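Reader: I am in my first year and still learning to read a protein structure slowly. Could you take me closely through the paired side chains, and tell me where each partner sits in the chain?

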Amino acid sequence: MKKIILFLCIALFSAAGLQAERIMVRGVVTSADEGNISLPGVTVIVQGTTRGTITDMEGRYEIEALPNDTLTFSFVGMIPQSLPVDGRSVINVGLRMDVAQLGEIVVTGYGTESRRLISGSVGVVSEEDLQESTLRTIDGVLQGRSAGVQITQSSGTPGAANTIRIRGSSSLSAGNQPLVVVDGIPVTTGNFGQVGFSGQGIDALTDINPNDIESITVLKDASAAAIYGARATNGVILITTKRGAKDVTRLSFNATLGMQDLENRLDMLNAEQWHELKGTQPDDPQQMIDTDWLSEVLRTAPTMNYEMSATGGDENTQFFVSGNYYNQEGILLGTSYERLSGRVNLDHTVNENLDIGMSFGVSYSLNHRVEGDQSLNAPLANAIANPAIYPVFNKDGSYNEEAPFANPVAIGREAINEAHSYRTLGNMFANYRILDNLTFNTKWGFDYLSLREHSYDPATTRQGARSNGIGLEAQSNVLNIVSNNTLRYLNTFAGNHNVELLGGYSFERFQRRNSFIRGVDFPNPYFQYISEAATISNASANATDRGMNSFFGQLRYNYRYRYILSFTARYDGSSRFGEENRYGFFPATSVAWRISEEKFFRNWNTPINEFRLRTGYGVTGNDGIPDFAYMSLYGGGANYLGQPGIFPRGLANPDLKWETTYQYNAGLDMGLFDDRVEINLDYYYNHTKDLLFSRPISYTSGYGSITSNIGELENRGVELTLSTVNIENQLFSWTTSFNISRNRNKVLALYNDQPLDNLGRGSNSVRVGEPMGIFYGYKSLGVDPSTGDIVFADINGDGQITSEDRTKIGDPNPDFTGGLSNRLNVQNFELSVFLQFSYGNDIFNGTRIYIESMKGSDNQTTAVLDRWRQPGDETDIPRATELDPNNNNRISSRFIEDGSYLRVKNVTLTYRLDHGLASRLGMSSARVFVTGQNLLTFTRYSGMDPEVNYAGPSDLRVGTDFFTHPQVRTVSVGINIEM
């Protein structure tokens, strides 16, 4: 009996000892192929048992195991991995992608998802694509990279604002730029400058350094973007910056030096040709002045970029730190852009349930601008317009101002136009794991922009001389505070049903403060600040506050990764609407069927390894109108006899409501030959109702317009992306990526169907049944050989040419846009070639109205040498006449040109140092490269550049060239070192 008791005691204590040997194992599971993105929902099982768990939203897990157990990590689309515990309490795992299954991990709204489990329409731009471009702005490097995303660099001015359109324009005046979200926080974009430069505005988006970016995801349809609700009508661009890793500290250094010039310039008349045109003689034929004004203001200019970053961390803390200096001297005299930026991203594990982190970016930029386009004080426009018969300088060295337009060299050298931008963009976040499957996340972010503008035209310039010096000072402070708070639940039921639930609340508060002051009469050109002006001619200040709060939720479900469902809803409230219409509800749903996962499909002998159908429908909103337009507003300054007064500024419209877009999308995705060929095809139809617009009203009301919901429009289109691995072996690889999209825009209804006419220099028009912004004018039938005058079409047949004969003469909207990229690797060499194109768009060449008019004092292009001179001449250039009774230069199809182009956007040749040599030099890798940007442009357009718009990112004044700064061509050399 004693032996039995002794045996039982030994067994009991042995069991207790075995139980005591169990340890708690913790860690983080990341994607080793996608920049260490955390993977939620990874299954972690103790091999040979039923004990298991799944990772939370930050990829964290914890599980009890014995020291000699083995843990198995599995996640859909990833290669499973088994690791022995070996007595460790912390095991971090990097899972690699199983290419044959679910593809890359993609950042989506408030989370991540495997590419093949997304039922909406998204586009992804990789870090590799971003690094190819020498353009150091986000919109610049995005151009042509994603189907359905049209980016137009309206001007080649350094730091200038660009136009971004995702699936066309869906609004007349409430804004068509997409929402940009950096690390989960919506950021301030657009032009906040107060000193006008005729379309050459500045863009707050240029303050962000593209080298800090890990990836960019474009949410294109409602089912993908509706989680952002009110501002997702125009699509969403999600930017994820680089973060630290659990690794030794790694340093990276990049340096690029380049030179810029102009590919094409206008061929203007020289002095002899000018005199022949005007029938005049020079005062001294032996010493005839012949100034090439364009050569005087255009130059070959340098650009440089230096970047350094460090990344690393341990089990608890990871960091990413970067710094950047970028300098671009403009090819136009007086222009340049300089940016200094830094970023710190930190992630820290407090304990097994709590993680905290932050992202903090600061930048300072200095933009030297000159006036452009419509101004009579613009260096480029004046260099084109001034005849060659006038000198740059007088004999005493002063600037010659005898030309009809101000001396462009004097403007470029003497005028001061500075924009100082101070930008701080940051957020702090915390993730708390309440239960194994339930995580709470809170993120607080802010975006602060301080823009100071300083402008001074001294008396040594023509404009400054009129007022003995003109000085401007403007200050704009913009603050946007955002808070996002979410609860996320992840679980798998019965091994087949994968569910993710998300619920959240967010709010934003936006503040803007502006002040402006103008002074004249300065003592001399050395005094340039307002305090030194004798007269303050204008001063103003204003403030704007607005807010938005939102409730949102999302359900994602899939059955065995085969049948996929997503439902999203957001309830937004905006201070821009009255109480009755303040809140809008924006739902969306989408489904996808991975046919390739069906048993019947697998039994077929087909090269298709992935075949997915998807469709979605949703509603998004837009509130981009002036603040408080629903109220009766009053302004001060209506003073009388020295007494202060106020005045009414606008009529109230309490019935104002959300502009709403109903979006439908259908698509298919295919992978062939183990994804060596990938095809993505999408069709979409977007119908916008209750268009917001300031419609004109009778002046008998005391006002000229009132903001109203006035109409409807639609966008429909097709997008195709094709990616191929053409050749891949140990010696040589060749990959190709091609995208093309077609969007057709149509206005369906306006207020009483009244058209909006005569918009801008190109006479853009908005008319029912036509695309937005068509050109509307007279149809030119050519030059009458008998008279030398233009013959215009008599549209209404009344025998007279009147305004009733105006008709549609062009369309600035392209039929197709896209890009083609090829990347070739031969041993240590890599060559990448990227082409970008636009086809079917028209341009109104407004410059030609003046430089082919053959009247007035503007210089002319050499095209006028082929003008009509006598009866019988056949030409497309009318006769030269100062009176022009036929008005040959009226807005007509004579000035409409085909704006299609194919541009060699980027060519980069890279040499990577042999790994062994790099190691001996103390580097983990090193590469040198030479790259060219905008090397060649193939186009029939006669202007300097087909990718222009004098009105910048305007919604309605589009497709017009009016003395606009062209794109530049850049050739650079650089080096990248990693240690």
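Author: What follows is a walk through the charged pairs, then the ring pairs, and then a few single residues.

The model is a predicted one, and that should be kept in mind throughout. Side chains of opposite charge can pair when their charged atoms come close. A search of the whole structure finds 54 salt bridges, and a good place to begin is strand β30, which spans residues 608-622 and holds arginine 612. Arginine 612 forms a salt bridge with aspartate 669, and their closest N and O atoms are 3.1 Å apart. Because aspartate 669 lies in strand β33 (residues 659-672), this pair ties together parts that are 57 residues apart in sequence. Arginine 612 has a relative accessibility of 5% and therefore counts as buried, and aspartate 669, at 6%, is buried as well.

Arginine 614, also in strand β30, forms a salt bridge with aspartate 682, where the closest N and O atoms are 2.7 Å apart. This pair links distant parts of the chain, since aspartate 682 belongs to strand β34 (residues 677-689) and the two residues are 68 residues apart. Arginine 614 counts as buried because its relative accessibility is 7%, and aspartate 682 counts as buried at 6%. Salt bridges that share partners also join Arg116, Arg594, Glu597, Glu610 and Asp675 into one network.

A further salt bridge has partners that are partly exposed. Glutamate 329 forms a salt bridge with arginine 299, with 3.8 Å between the closest N and O atoms. Glutamate 329 lies in strand β20 (residues 317-329) and arginine 299 in the loop between α6 and β19 (301-313), so the pair ties together parts 30 residues apart in sequence. With a relative accessible area of 29%, glutamate 329 is partly exposed, and arginine 299, at 27%, counts as partly exposed too.

Turning to the rings, a search of the whole structure finds 26 aromatic pairs. In one of them, the ring centres of tyrosine 110 and tyrosine 228 are 5.2 Å apart and the planes meet at 20°, so the pair is stacked. Tyrosine 110 lies in the loop between β9 (105-108) and β10 (111-114), whereas tyrosine 228 lies in the loop between α4 (222-225) and β17 (236-241), so the contact ties together parts that are 118 residues apart in sequence. Tyrosine 110 counts as buried at 16% relative accessibility, and tyrosine 228 is buried with a relative accessible area of 7%.

Tyrosine 950 and phenylalanine 962 form an edge-to-face pair, 6.5 Å centre to centre and with 70° between the planes. Tyrosine 950 is in the loop between β50 (925-939) and β51 (960-961) and phenylalanine 962 in the loop between β51 and β52 (969-978), so this pair ties together parts that are 12 residues apart in sequence. Both tyrosine 950 and phenylalanine 962 are buried. Elsewhere, ring pairs link Trp444, Tyr505, Phe507 and Phe551 into a cluster.

Finally, the backbone deserves a look. Most residues other than glycine have a negative phi. Aspartate 183, however, has a positive phi near 50°; this residue is found in the loop between β14 (179-182) and β15 (185-186), and at 11% relative accessibility it counts as buried. Methionine 854 likewise has a positive phi, of about 60°, and its place is in the loop between α11 (847-851) and β48 (896-898), where methionine 854 counts as buried at 3% relative accessibility.

Terms used
Residues are numbered from 1 along each chain as its sequence is written. This is a predicted model: local features need pLDDT of at least 70, side-chain atom pairs count only at pLDDT 80 or more; totals for chains, interfaces and linings use all residues. Side-chain values use heavy atoms; hydrogens and water are left out. Helices (H or I, at least four residues) and strands (E, at least two) are DSSP runs, numbered from the N terminus. Buried means under 20% relative accessible area, exposed over 50%, partly exposed in between (1.4 Å probe, protein chains only). Rings of Phe, Tyr and Trp (its six-membered ring) pair if their centres lie within 6.5 Å; planes under 30 degrees apart count as stacked, over 60 as edge-to-face and the rest as tilted. A salt bridge is a side-chain nitrogen of Lys or Arg within 4 Å of a carboxyl oxygen of Asp or Glu.
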